[in-house]
Amino acid sequence: LDHLPLPHLEIFDKQDILEYPSVMFSRGCAFKCSYCMSRQGGIGGKIRWKSPMRAIQEVHNLVAYADPEEIYLDDDTLLKNPAWVREFCGLYRNSVGVPFYCNARPETVSLELAHCLREAQCSAIGIGIESGSARVRRDVLQRPMEDEAILRAFDAAHKAGLKTWSFNMVGLPGERTEDLLSTIRLNEAVQTEFVRVSIFTPYPGTPIYDPTKDSLNPSSYFRGAQDLPDELQPIYRDWINRLDQEGRLWFTKSESDEQKQ
């Protein structure tokens with residue numbers, strides 16, 4: 001990826017960039033989640049990284065042009081290459097100084113890497129729960145992890161001084177009332193400061209798409225709260241309203257408005 005030209009930021013208005021000042025340093029993921037386009041390396045089946053020096057160069061260019069107060073490192077799973085993370089964090093700590101956010105999968109979060117992030121001025125990390133049901137994670141999402149792995153990841157982040165937000169999906173195939181309640185309980189157990197909740201919509205080309213495509217609303221590819229099973233809707237809306245009142249929803253305004261409709 002180092003052979004690609006640097007982003008030509010000057011073609012964008014600075015205020016547009018500051019709406020969401022983000023960078024991405026890798027393509028593909030080693031994991032096999034059934035709903036994700038980056039699974040098993042994504043297109044081409046190979047995980048690719050920009051070098052830490054190239055990544056820092058892109059950050060410097062973003063800061064020089066738009067001067068953001070914070071930066072989002074938008075890699076799906078930033079911590080999938082620990083050696084890369086250690087080198088990047090050392091460079092970032094010594095030459096940037098702008099707080100940043102990033103994403104991680106629970107199995108990749110260690111106390112050591114969490115401390116590396118914090119020392120480099122990472123403010124918060126998003127960690128995927130997706131479902132509080134081990135059955136749904138294993139059989140539907142192809143994320144075979146136990147609750148204990150998720151609890152350890154959030155605990156490591158908090159011990160290192162990072163705030164956290166969780167990623168969650170509602171309306172998954174075969175999801176039952178007890179599964180959604182388990183998701184709510186697990187989010188409370190990890191003591192995450194913020195919660196992000198999305199209505200599951202399958203991407204064409206992913207393994208989960210063909211078994212679920214017939215359930216999509218023919219008038220719109222995107223699913224909303226109204227497309228959830230009747231038994232899940234009151235639980236979902238109560239959860240969203242409570243999180244909103246607590247100031248814990250991690251949403252853009254448009255997403256938040258859509259969820260509460």
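**Close-up views of helix H9 and the nonpolar cores**

**View 1. The residue that follows helix H9.** In this predicted model, Gly247 lies just after H9 and adopts a positive phi of about 70 degrees.

**View 2. Helix H9 and its two sides.** Helix H9 is formed by residues 233-246, and the 20 Å from the first C-alpha to the last of these 14 residues is close to the 20 Å expected at 1.5 Å a residue. The buried residues of this helix are Gln233, Ile235, Tyr236, Trp239, Ile240 and Leu243. Because these buried residues fall within an arc of 165 degrees when H9 is seen down its axis, they line one face of the helix. Asp238 and Gln245, in contrast, are exposed and sit on the face turned away from the buried side of H9.

**View 3. The largest nonpolar core.** This core has 44 residues, of which Ile71, Leu73, Leu79, Phe88, Tyr92, Leu117 and Ile125 touch the most other members. Among the elements that give two or more residues to the core are helices H3 (82-95), H4 (111-119) and H6 (147-159), together with strands S4 (71-73), S5 (100-104) and S6 (122-130), while H2 gives the most, with six residues.

**View 4. The surroundings of Leu117.** When neighbours within four places in sequence are left aside, Leu117 is in contact with Leu78, Leu79, Val85, Cys89, Phe100, Cys102, Cys122, Ile125 and Leu162.

**View 5. The second nonpolar core.** A separate core of 15 residues includes Leu180 and Val197, as well as Tyr236 and Trp239, and the latter two, Tyr236 and Trp239, are also among the buried residues of H9.

Technical notes:
Residues numbered from 1 in each chain as written. Predicted model: local features only at pLDDT ≥ 70, side-chain atom pairs only at ≥ 80, totals over all residues. Heavy atoms only, no water. Helix = DSSP H or I, 4+ residues; strand = E, 2+ residues; numbered from the N terminus. Expected span 1.5 Å × (residues − 1). Buried < 20%, exposed > 50% of the residue type's maximum accessible area, 1.4 Å probe, protein only. Arc of directions from axis to C-beta. Core = buried A, V, L, I, M, F, W, Y, C linked by side-chain atoms within 4.5 Å. Contact = heavy atoms within 4.5 Å.
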